[in-house]
Amino acid sequence: MRTIWLSLLLCTALAAISGQASAGESRARQILDRFEHANQWRDHVMVAAHRAGSMQAGKTLYAENSLAAVEGSIAMGAEIVEVDIRRSKDGEFVVMHDSWLDRTTTCRGEVAKYTLAELKTCRLVIEGTRAATDERVSTLREMLLASRDRILINLDNKLEVGDLAGMIAVARDLGMADQVIVKENLWNQNRITTVKAAMAAIGGGVQFMPIIADDAVHDAGFAETVDHAFAPRAISLINWRAGAETLTETGGPLFSSRMRAAAIRGDWHIWADTYAIVNKPGGFLAGGRGDELAVQASLPREAWGFWADRGATIIQTDEPKAAIDWLAANGYRVPYAGTGKRIEPAATASIN
């Protein structure tokens with residue numbers, strides 16, 4: 001009997017130690033677990049903050065692609081920040097969406113015509129008001145360091161496919177390759193071949209996310225081909241919307257039951273984009289069901305809820321706080337260890 005009790009005490013102690021180790025994991029490691037195991041986390045919708053998450057309730061709080069925006073996104077609970085990468089005149093990777101500096105900084109002209117030292121004299125501005133902040137143009141290295149062990153970082157390559165290798169080299173130098181998600185648009189077999197060669201040259205240990213849009217792809221068969229080529233952990237699906245169209249009723253040809261079944265078979269996330277694009281109709285990437293519908297029209301269920309109900313387990317948005325709050329309040333979010341009661345992932349996946 002004494003041996004049995006000692007065994008039970010030992011098991012309890014080991015379980016406690018294991019639990020402490022789990023709770024002590026870096027936030028990025030917990031997020032990565034959910035990113036890499038989509039089928040275990042179909043009941044949780046992850047949120048990606050577009051351009052690092054500069055907006056809240058329709059108002060721009062931070063300069064886009066800024067370190068302050070990253071800090072804000074981490075504080076509000078986003079799992080991923082998306083940032084845009086270009087090169088300076090002297091070849092440094094810098095974080096900047098536009099090819100010109102005029103919209104987002106106090107400087108004027110093309111990014112590629114400024115050295116890094118010159119770019120560091122440019123102050124980032126708040127979009128809309130153009131209020132200058134104290135923040136400067138960040139390098140990729142600085143952005144990665146700010147996010148290390150805290151959040152996944154999605155690099156939007158504004159250069160050529162071949163430039164991905166240099167970006168990943170920076171992440172590897174910092175021991176952060178597994179926190180980085182890179183992405184490229186895919187639309188036919190030739191494009192798959194080109195991107196696959198680039199990723200093969202880069203090697204493993206980094207996440208690649210294909211982007212598929214329904215202007216060129218019309219069924220889940222192409223996504224299955226992409227899955228076989230890359231074995232991605234997420235695929236971004238885009239439902240284009242023309243200006244005169246009403247809200248999509250189905251999500252378009254890509255958000256089908258076959259696509260959801262393909263995602264489950266491949267164990268990958270369906271990633272939906274609801275953020276706005278300047279000078280384009282609301283919900284341009286989301287069949288009209290974008291952030292404007294959720295926030296300005298106060299219809300979040302018809303936007304974020306719509307995509308979650310059609311299988312999206314990652315939503316990229318300009319409104320990360322509002323999306324997180326609504327998704328959590330309506331049963332689409334599962335707490336992380338250290339943020340509340342631990343809830344284990346579902347044992348089985350469902351297409352619903």
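Which residues of helix α3 (residues 67-76) are buried? In this predicted model, the buried positions of helix α3 are Ala69, Val70, Gly72, Ser73, Ile74 and Met76. The legends below begin with the whole chain and then turn to individual sites.

**Figure 1. Overview of the predicted chain.** The chain comprises 352 residues, of which 53% are buried. Its secondary structure consists of 12 helices and 13 strands. Among contacts with a separation of 6 or more, 69% are made by residues 24 or more positions apart.

**Figure 2. Helix α3 and the residue that follows.** Helix α3 covers residues 67-76, and its buried residues are Ala69, Val70, Gly72, Ser73, Ile74 and Met76. After α3 comes Gly77, which has a positive phi, near 105 degrees.

**Figure 3. The aromatic cluster of Phe255, Phe306 and Trp307.** These three residues form one aromatic cluster, and a search of the whole structure yields 5 aromatic pairs. The ring centres of Phe306 and Trp307 are 4.9 Å apart and the ring planes meet at 85 degrees; because an angle over 60 degrees defines the class, this pair is edge-to-face. A pair of aromatic rings is described by the distance of the centres and the angle of the planes. Phe306 has a relative accessibility of 6% and therefore counts as buried. Trp307 is likewise buried, with a relative accessible area of 1%. Over the face of Phe306 lies Arg310, at 3.7 Å from the ring centre.

**Figure 4. Arg34 over the ring of Trp41.** The charged end of Arg34 is placed over the Trp41 ring, at 3.9 Å from the ring centre. A charge over a ring is also found in the view of Figure 3, where Arg310 lies over the face of Phe306.

**Figure 5. Trp326 in helix α12 and its contacts.** Helix α12 spans residues 320-329 and includes Trp326. With 14% relative accessibility, Trp326 falls under the 20% limit and so counts as buried. Beyond its neighbours within four places in sequence, Trp326 contacts Pro300, Arg301, Trp304, Gly305 and Tyr332. One of these partners, Gly305, is 21 residues away from Trp326 along the chain, and the C-alpha atoms of the two are separated by 8.8 Å.

**Figure 6. Two residues of helix α7, Arg191 and Ala201.** Arg191 lies in helix α7, and Ala201 is found in this helix too, which runs over residues 189-202. Arg191 counts as buried, its relative accessibility being 17%. Ala201, by contrast, has a relative accessibility of 69%; this value is over 50%, and Ala201 is therefore exposed. Setting aside residues up to four places away in sequence, Arg191 touches Val161, Glu184, Asn185 and Leu186. Ala201 and Gly162 are separated by 39 residues in sequence, while their C-alpha atoms are 9.4 Å apart in space.

**Figure 7. The largest pocket and its lining.** The largest pocket holds about 530 Å³ of space. Its lining consists of 30 residues, and those nearest the pocket centre are Asp156, Lys158, Asn185, Ile211 and Tyr275. Asn185, named here, is also among the residues touched by Arg191. At least two lining residues come from each of the strands β4 (80-87), β8 (152-157), β9 (180-185), β10 (207-213), β11 (234-238) and β12 (269-273). By residue class, the lining of the largest pocket contains 13 nonpolar, 7 polar and 10 charged residues.

**Figure 8. The enclosed cavities.** The structure contains 2 cavities of 30 Å³ or more. The largest cavity has a volume of about 40 Å³, and 10 residues line it, with Glu64, Thr104, Val125, Ile126 and Glu127 nearest its centre. The lining of the largest cavity divides into 4 nonpolar, 3 polar and 3 charged residues. For the second largest cavity the volume is about 30 Å³. The second largest cavity is lined by Glu64, Asn65, Val95, Met96, His97, Thr104 and Leu124, a set made up of 3 nonpolar, 3 polar and 1 charged. Glu64 and Thr104 appear in the lining of the largest cavity and also in that of the second largest cavity.

Key:
Residues numbered from 1 in each chain as written. Predicted model: local features only at pLDDT ≥ 70, side-chain atom pairs only at ≥ 80, totals over all residues. Heavy atoms only, no water. Phe/Tyr/Trp six-rings, centres within 6.5 Å; stacked < 30°, edge-to-face > 60°. Buried < 20%, exposed > 50% of the residue type's maximum accessible area, 1.4 Å probe, protein only. Lys NZ or Arg CZ within 6 Å of the ring centre and 35° of its normal. Helix = DSSP H or I, 4+ residues; strand = E, 2+ residues; numbered from the N terminus. Contact = heavy atoms within 4.5 Å. 1 Å grid on protein atoms, 1.4 Å probe; cavity = no way out; pocket = protein on both sides within 12 Å on 5 of 7 lines; lining within 4 Å. Points joined across faces, edges and corners; volume = space filled by probe spheres on them. Nonpolar A, V, L, I, M, F, W, Y, C, P; charged D, E, K, R; others polar.
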